[in-house]
Amino acid sequence: MKNKIKKVLVYTFGFLTVGVILYKYISSNEVLYPKGTEKILMQYAGQDTLRTKAVKFLLKNMTPEYIEKYFPESNDADKNANYLIRNIDASIEKSKQRILSGEISEKNFLEYILPYRIDVETLEDWRTLGIDRFGDLYDDNLIKHCELINDSLMKFFKYTLKDYVGRTYSNLLGNPSGNCNGMTRIAAFSMRSNGIPVAIDFATWSNVKGAHKWNSLLLNDKNMHFMGAEQNHKNHKLIEKYKRVAKVYRETFLKETELPEFNPKKIISSINYIDVTKEYCTNCKDFSIELEGIGRLDKKALFLLCIYDGINDWTPVDYSFNAGNFIKFNDVCPNNLFILKKVNNGFLEYYGEPFILKRDGMTQFLTVNTNIKGKIQLYSFNSPEQEYVNVGHLGEEEYERIVKDNPSKFSSDMTYSLFLWKKLNWIEIDKKTSIDGMIIFENVPLNGLLKISSNEDKNNRPFIYQNGKQVWL
């Protein structure tokens, strides 16, 4: 099975991701801003150390998606420079004392307060909007300052399923509703404009369908995650027992360096990002997979590490290049199901069999062996974790009720199909109607990846059958 690499719209639970899969790499020597802009900015910086660092940071990290088509008066160096100067002055004014005291590092200031935009939204004077709206909520304690603004956001911003990318700050304030995409952005605009270094982190869930974005307050010792316009850190339960992640990333203004002809990171997100999985997964694993066949011969081959997300089947969460007949992935959360895809002449192709990265860092490949067959006895068509997400995250008590009551038990009047992942696709191998809430399938390969669905439920979680039980993945 092949998937053509092209411009795509990928809808995920919680937020909308829009991106071009492969971006051409822009040389770091290529000038992207109007001629004369750098000279004006350096004259403005003068001998001021922080101004100079701010100017150099912005000039170094401006990328096509942050300039082409979106920068105002793109051919007017004076107007472009003046826009940046106003942003630099406003960001320094709100941050300088905390930088001097050491409460905010220069690194966090440059990356998570200074940037003049968050996404590819239309540019505006958003810092003034944020100061006018939340400037009176200052507190000497950085954490308390962040919480005061977030408490205010909670009073008027409403969660909705619908949202879209590229929303301006004025739009978010004027139409205060959205999903986690809008919530994280209104929090970042509001706090950065008031000198608080706040990032946007994101992940695709690895054991239930969907994805999520949230915020992090960047501190010198330990970052604090929270949900913009919804929850402060002490109440924010990000990765609960019913949800898992494989990788976690943080959006950043930083420009990519030392990239090949195209930027493979855009496969994961259209926004620049860094890997922060270690902040959320205490037992990350590094692992390698030996390549075989054509993958072994292609010395520049690009491989994608994919999870089963329940919407688009297998979604990339990381990438690796052939490193000499093997590929290596770093800082991956274990106890997750994966498959590899290989980029081949503009197409994505499945490579090898699905596998589980176990808690000890070893890989268990789910290779179908038709010589090992047996009887399986099933009582559910979906995992309790996915059923909990389906009803809308109603609290831990609701999750325990779902585990106990099993809402995904079989109905006696419905036919269910058993699927096996074989030859790079889901293959229907049997179909039966349940008896007394149970279905028994005979002659099933016992070492393969399975899924069971009715005509009404086609995106259920896969499982393996182990020690007489379904093990949901």
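**Exercise 1. Find out why strand E21 counts as largely enclosed.**

Solution. Start with E21 itself, residues 415–422: six of its eight residues are buried, so the rest of the structure largely encloses this strand. Here, buried means under 20% relative accessible area, exposed means over 50%, and partly exposed lies in between, with a 1.4 Å probe and protein chains only. Helices (H or I, at least four residues) and strands (E, at least two) are DSSP runs numbered from the N terminus.

A word on the model before going on. This is a predicted model, in which local features need pLDDT of at least 70 and side-chain atom pairs count only at pLDDT 80 or more, while totals for chains, interfaces and linings use all residues. Residues are numbered from 1 along each chain as its sequence is written, and side-chain values use heavy atoms, leaving out hydrogens and water.

**Exercise 2. Work out which strands pair with E21.**

Solution. Two strands pair if DSSP finds at least two bridges between them.

- Step 1: look at strand E22 (residues 425–433), which runs antiparallel to E21 and is joined to it by eight bridges. Within this pairing, Tyr 416 faces Lys 432 of E22.
- Step 2: follow the chain from E21 to E22. They make a hairpin with two residues between them, and Lys 423 in the turn has a positive phi of about 55°.
- Step 3: turn to strand E24 (residues 450–453), which pairs with E21 over four bridges, again in the antiparallel sense. Ser 417 stands opposite Ser 453 of E24.

**Exercise 3. Put the strands of the open five-stranded sheet in order and find its edges.**

Solution. Reading across, the order is E9-E8-E7-E10-E12, with antiparallel pairing. The edges are strand E9 (224–226) and strand E12 (273–275), each of which pairs on one side only. On average, neighbouring strands are turned by 35° against each other, direction ignored; axes are lines fitted to C-alpha atoms, for helices over the stretch in contact, and angles run from 0 to 180 degrees between N-to-C directions.

**Exercise 4. Trace the neighbours of E8 and E7 in this sheet.**

Solution.

- Step 1: begin with E8. Seven of its seven residues are buried, so E8 is largely enclosed by the rest of the structure. Its two faces are both covered: Ala 211, Lys 213, Asn 215 and Leu 217 are buried on one side, and His 212, Trp 214 and Ser 216 on the other.
- Step 2: cross to E7, which pairs with E8 in the antiparallel sense over seven bridges. These two strands form a hairpin with six residues between them, where Gly 210 in the turn has a positive phi of about 110°.
- Step 3: cross from E8 to E9. Three bridges join these antiparallel strands, and a hairpin connects them through six residues. Leu 217 stands opposite Met 224 in E9.
- Step 4: go back to E7 (residues 198–204) and on to E10 (residues 249–251), an antiparallel pair joined by two bridges. Asp 201 has Trp 214 as its bridge partner in E8, and Arg 250 stands opposite Asp 201 in E10.

**Exercise 5. Identify the helix that lies across this sheet, and see what Ile 186 touches.**

Solution. The helix is H9 (residues 180–192), which lies across E7, E8, E9 and E10 and runs at about 15° to E8. Contact means heavy atoms within 4.5 Å. Leaving aside residues up to four places away in sequence, Ile 186 touches Leu 153, Phe 156, Phe 157, Tyr 169, Leu 172, Leu 173 and Ala 229.

Next, look at the core. A nonpolar core is a set of buried Ala, Val, Leu, Ile, Met, Phe, Trp, Tyr and Cys residues joined through side-chain atoms within 4.5 Å. The largest one has 65 residues, of which Leu 58, Phe 109, Ile 186 and Leu 217 touch the most other members. There is also a second, separate core of 19 residues, including Tyr 308, Leu 348, Trp 421 and Ile 464.

**Exercise 6. Locate Ser 383 and decide whether it is buried or exposed.**

Solution. Ser 383 sits in the loop between strand E20 (373–378) and helix H11 (384–391). Its relative accessible area is 1%, so Ser 383 is buried. Not counting residues up to four places away in sequence, Ser 383 touches Arg 461 and Trp 472.
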